[in-house]
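Colleague: Could you take me on a close look at the surface of this protein, starting with its nonpolar patch, and then show me what surrounds it in the model? I work at the bench, so plain words are welcome.

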Amino acid sequence: MEYRQATLADLNGLLKLEREAWPKGEGASEEQLKSRINIFPSGVIAAFDNTTLVGAVMAEIVDLGELTRVRHSWAEISGEGLITTHDERGDVLFGVDLSVMPSHRKAGIGKGLLLEIGKMAIRRNLKGGVLGARMPDYHLHHKDISAEEYITKRGDDGKLIDSELRFYERNRLSLIKLIPEYFPDPDSLNYGVLCYWKNPFYLRNRTLGKIIGSFGALIFKL
């Protein structure tokens, strides 16, 4: 599997990915994809199986304090998916989109994309990465348990019962808070969960941090 920065030349592949990875009408539009690539090119990383685009992660830089102080929807954080809210002065990467082709979802591509975005945060000496996760199994449990209880509910094996939240916890993201009406998602009952990954190499001294970050990105593993 090859991971590299996507460009406008990959637009058709990205559009196909969004159509197949998301329910009808929920994937990113051509306008959104173009805007993300134009505003923050290095924040769009794609996975290729030979020459076929099979996954992508898209991010922007935002301010962590603002993100945790105020309750935001995905549309507000991401500028309606256009990432016009991208701020180079920010201190964390915000994951706007993580998509993998249904045919490749057991190939470890999601983890590979998270690893690539983690390396980017390390190289830039950002505090870490943040995303709003779905909780897609909640519609199966909502009659028996509140959303607040559900996001920390574990099975007999000690693992979170929600498949997506379990994936993010397994890849070292901490669950920070529940966000009602985060985005339209019937399976999650429109809830999102703010998840945070802390950069272990972050330094307050930006110059030294970027030097250390260049080394840290080379050895970082999830």
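**The nonpolar patch and beyond**

Modeller: Happy to. L208, I211 and I212 together make a nonpolar surface patch of about 260 Å². Please keep in mind that this is a predicted model. Within the patch, I211 belongs to helix α8, which covers residues 206-219. I211 counts as exposed because its relative accessible area is 56%, and the cut-off for exposed is over 50%.

The surface also has a charged patch. K111, K159, R170 and R172 form a positive one. Of these, R172 sits in the loop between α7 (163-170) and β6. With a relative accessibility of 49%, R172 counts as partly exposed.

Now let us turn to a strand that is mostly covered. In β7, which spans residues 192-198, 6 of the 7 residues are buried. Strand β7 has β5 (residues 128-133) as an antiparallel partner, and 6 bridges join the two. Within that pairing, G129 stands opposite W197 of β7. Strand β6 (residues 174-179) also pairs with β7 in the antiparallel sense, over 5 bridges. Here L175 has C195 in β7 as its bridge partner. The loop that holds R172 of the positive patch lies between α7 and this same strand β6.

Two asparagines are worth a look for their backbone angles. N50 is not a glycine, yet its phi is positive, at about 60 degrees. You will find N50 in the loop between β2 (44-49) and β3 (52-62). N50 is exposed, with a relative accessible area of 70%. N125 has a positive phi too, near 55 degrees, and is likewise a residue other than glycine. N125 lies in the loop between α5 (109-123) and β5. With a relative accessible area of 6%, N125 is buried, whereas N50 is exposed.

That loop brings us to the salt bridges. Side chains of opposite charge can pair when their charged atoms come close. In this model the count comes to 11 salt bridges. One of them links E88 and R124, whose closest N and O atoms are 3.3 Å apart. E88 lies in the loop between α4 (74-78) and β4 (92-100), while R124 lies in the loop between α5 and β5, so the pair ties together parts that are 36 residues apart in sequence. Both ends of this bridge are partly exposed: E88 has a relative accessibility of 47%, and R124 has a relative accessible area of 29%. Elsewhere, salt bridges that share partners join R134, E164, D185 and D187 into one network.

Another bridge sits within a single helix. The side chains of E30 and K34 meet at 3.1 Å, N to O. Both residues lie in helix α2 (residues 30-39), and they are 4 residues apart, about one turn of the helix. E30 is partly exposed at a relative accessible area of 38%, and K34 is partly exposed at 35%.

There is also a bridge between D10 and R4, with the closest N and O atoms 3.0 Å apart. Its two ends are covered to unlike degrees: D10 counts as buried, with 10% relative accessibility, while R4 counts as partly exposed, with 30%.

One more residue rounds off the tour. G13 has its place in helix α1, which runs over residues 11-21. G13 counts as partly exposed at 24% relative accessibility. If you want a sense of distance across the model, the C-alpha atoms of G13 and E169 are separated by 29 Å, and these residues are 156 apart along the chain.

To come back to your starting point, the nonpolar patch is made by L208, I211 and I212, with I211 in helix α8. The positive patch is formed by K111, K159, R170 and R172. Strand β7, by contrast, is mostly covered, and its antiparallel partners include β5 and β6.

Terms used: Residues are numbered from 1 along each chain as its sequence is written. This is a predicted model: local features need pLDDT of at least 70, side-chain atom pairs count only at pLDDT 80 or more; totals for chains, interfaces and linings use all residues. Side-chain values use heavy atoms; hydrogens and water are left out. Patches are made of residues with over 30% relative accessible area and no salt bridge: like charges are joined within 9 Å, nonpolar side chains (Val, Leu, Ile, Met, Phe, Trp, Tyr) within 5 Å. Accessible areas come from the Shrake-Rupley method with a 1.4 Å probe; for residues, only the protein chains shown count as cover. A salt bridge is a side-chain nitrogen of Lys or Arg within 4 Å of a carboxyl oxygen of Asp or Glu. Buried means under 20% relative accessible area, exposed over 50%, partly exposed in between (1.4 Å probe, protein chains only). Two strands pair if DSSP finds at least two bridges between them. Lys and Arg count as positive and Asp and Glu as negative; His and the chain ends are not counted. The place of a charge is taken as NZ of Lys, CZ of Arg, CG of Asp or CD of Glu.
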